[in-house]
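Colleague: Please take me closely through one part of this structure, namely the strand arrangement and what packs against it. I should like the cut-offs stated as each term arises.

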2 protein chains.
Amino acid sequence: MLNFEFLSPTKIFFGRGVENQVGDLLKQYGATKVLLHYGGGSVKRTGLFDRVVDSLKAAGVEFVELGGVKPNPRLSLVYEGIKLCKETGVDFLLAVGGGSVIDSTKAIAHGLQYDGDVWDFFCGKATVQKSTPVATILTIPAAGSEGSNSCVITNENGNIKRGCSTELNRPVFSLLNPELCATLPKNQVANGASDIIAHAMERYFTNTTNVDITDRLTEGLIRTVMENAPKCYKDPSDYEPMAQLVWCSTLAHNNILGVGRVQDWASHNIEHELSGVYDIPHGAGLSIIFPAWMKYNYKHDIPRFCQFANKVFDITIDPFDMEGTALKAIDALEKWYKSLDLPTRLSEVGIGEDRLMEMANNVKKPNGDGTIGGFVKLSSEDCYNIYKLAL
Amino acid sequence: MLNFEFLSPTKIFFGRGVENQVGDLLKQYGATKVLLHYGGGSVKRTGLFDRVVDSLKAAGVEFVELGGVKPNPRLSLVYEGIKLCKETGVDFLLAVGGGSVIDSTKAIAHGLQYDGDVWDFFCGKATVQKSTPVATILTIPAAGSEGSNSCVITNENGNIKRGCSTELNRPVFSLLNPELCATLPKNQVANGASDIIAHAMERYFTNTTNVDITDRLTEGLIRTVMENAPKCYKDPSDYEPMAQLVWCSTLAHNNILGVGRVQDWASHNIEHELSGVYDIPHGAGLSIIFPAWMKYNYKHDIPRFCQFANKVFDITIDPFDMEGTALKAIDALEKWYKSLDLPTRLSEVGIGEDRLMEMANNVKKPNGDGTIGGFVKLSSEDCYNIYKLAL
């Protein structure tokens with residue numbers, strides 16, 4: 001196990017009805033003027049928006065609103081939010097939505113405390129020094145942004161999707177009510193579940209040894225998602241499985257599963273090009289890329305893939321065919337994706353060969369030597385091969 | 001899953017050498033005068049005390065010191081600490097030691113901000129409204145007090161051991177270096193491991209349904225302790241297994257395993273009478289009481305004990321003999337305790353029948369109807385029966 005620092009400072013309020021205390025909580029946390037940031041019409045259709053507004057008004061908390069966040073949240077709306085907040089004197093931001101809304105909110109929060117271009121934080125020109133407090137009301141279990149240090153924004157100027165990781169991305173508090181996910185479209189439930197297990201797997205595949213506790217916790221979380229996501233897919237209003245999924249979403253990405261180990265994150269960045277260029281859902285991109293990444297890299301550590309096979313899928317480890325055991329795990333993962341009607345090939349989402357090399361070259365490669373990945377270091381050529389495997 | 005609130009605000013610094021930054025950290029967190037609180041001679045023998053003092057001096061942080069904390073920490077020393085801190089203007093407390101030292105420190109921190117008798121918080125006369133910030137340098141994986149909301153103190157006036165749970169018990173930061181545990185006596189390693197799995201099991205045995213994620217995380221943690229504690233017992237200086245044990249100690253009791261469910265805690269309170277009256281180590285008391293508690297209560301939910309058997313001990317669930325499967329788990333648990341030379345019977349620690357009824361009557365029964373336990377409600381008579389089973 002490697003040395004690490006860990007702090008998960010987001011206060012969680014979990015369960016039925018918790019969103020109704022949002023006004024009181026914001027007041028208690030010192031908010032005087034709040035940006036109420038959200039996406040499309042669903043929060044209005046379901047009545048959530050009105051209840052939030054009622055709660056703010058009852059607590060005497062002033063607010064301005066900005067809707068229109070789309071999946072793969074756009075930099076242009078972030079700029080608009082920063083401008084609005086500066087003009088109106090906002091001192092606290094409330095995200096009502098999923099990962100895209102929360103990430104858009106985090107980016108606005110950073111931009112509000114920065115004189116330069118907020119994109120600087122995403123393209124590596126600057127690091128966040130100060131931010132504005134953010135709270136969230138979550139409406140979909142997926143990105144884990146409600147408790148994470150992550151934020152991903154797409155710059156429409158070139159369709160570049162980039163992440164910015166900083167402890168200042170952690171929300172002050174998050175309100176997680178599984179009931180709010182009851183009206184989710186089924187494909188969003190599936191995409192979200194795909195994102196959750198991807199966050200766990202990016203941490204699981206490591207070269208760091210003696211990581212028993214984080215291995216066991218991660219396997220337990222993936223099993224929980226594997227068992228409960230199909231129930232949520234069948235009926236998103238089934239409270240109890242959705243409660244498992246919502247809490248897994250937070251735990252999969254607040255880094256409790258990742259401390260003390262080198263993590264991978266190649267699949268996420270390889271996927272970011274896909275959803276950046278083709279605007280497909282992130283979860284669908286991950287269900288395509290992760291199996292291809294595994295097929296390309298499993299030989300790097302067959303015992304770890306065997307452990308994954310056994311602990312996550314109850315596949316018996318065949319000591320005479322360890323490679324076969326590893327491949328069974330990849331097969332089982334693909335079958336699970338398919339059980340949620342998630343794509344596992346680029347062709348299923350209408351993506352062909354034409355831009356694979358361009359994307360492979362554009363994949364963010366943070367290792368410093370032109371590669372990406374903590375488990376196996378991947379060059380642009382490797383990324384291209386993985387795209388090809390996923391066709 | 002039940003509604004819950006969760007916040008784990010303790011910043012963790014984990015790994016080799018982390019304790020050497022304590023002076024800088026205290027300064028950064030605003031400490032001007034620190035109480036350096038510790039136990040017996042071991043922190044001086046190992047050189048840890050001198051290194052902490054050097055770090056404080058280098059950072060220009062003033063301090064006063066108070067040693068002498070014993071296992072089952074005494075109220076009299078807490079009083080002494082409060083008096084010393086008040087006289088010298090201490091505004092930050094640093095515990096250097098294990099759970100007893102940390103709990104003594106927490107109690108002093110509360111007493112420092114309270115005009116009444118600090119024991120009021122432990123006998124239920126008052127609740128903590130304000131406390132002084134506490135940091136810790138952990139020297140034994142056991143109580144989890146380095147990240148928990150718990151604090152247990154023994155009042156020598158009647159040998160009454162009582163806990164006080166409050167979010168104000170959470171340390172501001174904790175420095176966890178497994179190397180500091182390298183010189184632990186073997187029996188302390190065993191007692192600590194017993195305490196860790198007890199914290200997990202008190203949460204595991206619940207009547208709350210649909211708790212898959214916390215079940216899986218808890219089973220994973222218990223397995224990790226079961227596998228690594230024997231290695232630490234054999235050689236406490238073996239860094240990697242000790243690192244697993246240290247991190248498990250914190251995770252087992254910061255309540256990440258317990259959110260959203262009713263917890264039990266009968267075994268802890270039944271044990272508290274034992275170690276309060278006979279001054280035996282808490283971990284040894286737990287390895288005696290927990291199997292007896294299980295034998296007395298397993299019929300309340302045989303499927304849950306079967307799940308425990310299967311997921312923790314890999315015992316195959318016999319559908320024709322579910323009760324037999326449950327009993328196998330209790331047997332396996334006893335065997336594990338014995339592998340660490342922990343007692344599983346009162347007779348092994350020289351305790352006979354004479355004071356069992358007195359202790360059974362004195363067990364704290366917080367349910368309000370004269371019973372204790374969230375899984376099975378236990379009366380004084382039940383507590384007596386459990387003591388008898390443990391003879």
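Modeller: Two strands are taken to pair if DSSP finds at least two bridges between them; strands (E, at least two residues) and helices (H or I, at least four) are DSSP runs numbered from the N terminus. This is a predicted model, in which local features need pLDDT of at least 70 and side-chain atom pairs count only at pLDDT 80 or more, while totals for chains, interfaces and linings use all residues. Side-chain values use heavy atoms, without hydrogens and water; residues are numbered from 1 along each chain as its sequence is written, and chains are lettered from A and ligands numbered from 1 in the order written.

The part in question is an open sheet of twelve strands with mixed pairing, ordered E3(A)-E2(A)-E4(A)-E5(A)-E8(A)-E1(A)-E1(B)-E8(B)-E5(B)-E4(B)-E2(B)-E3(B). Its edges are strand E3 (62-66) of chain A and strand E3 (62-66) of chain B, each pairing on one side only. From one strand to the next the twist averages 25° (axes are lines fitted to C-alpha atoms, for helices over the stretch in contact; angles run from 0 to 180 degrees between N-to-C directions). In chain B, strand E1 (residues 4-14) and strand E8 (residues 173-176) run parallel and are joined by four bridges; Phe14(B) has Leu176(B) in E8(B) as its bridge partner.

Helices pack on this sheet in both chains. Helix H4 (residues 75-88) of chain A touches (heavy atoms within 4.5 Å) strand E2 (33-38) and E3 of chain A, and its direction makes about 155° with that of E3(A). H5(B) touches strand E2 (33-38), strand E4 (92-97) and strand E5 (134-138) of chain B, at about 165° to the direction of E4(B).

H5(B) also meets another helix. The axes of helix H4 (residues 75-88) and helix H5 (residues 99-111) of chain B come within 9 Å and cross at roughly 50°, which makes H4(B) oblique to H5(B) (under 35 degrees is roughly parallel, over 145 roughly antiparallel, 65 to 115 roughly perpendicular, the rest oblique). Among the residues in contact are Leu77(B), Val78(B) and Ile82(B) from H4(B), with Ala107(B) and Ile108(B) from H5(B).

As for the chains themselves, 38 residues of chain A contact 38 of chain B. The two chains bury about 3,400 Å² between them, 58% of it on carbon and sulfur atoms (accessible area, 1.4 Å probe, lost on being put together and summed over both parts). On the chain A side, Met1(A), Ile213(A) and Trp247(A) lose the most area to chain B, together 17% of what that side buries.
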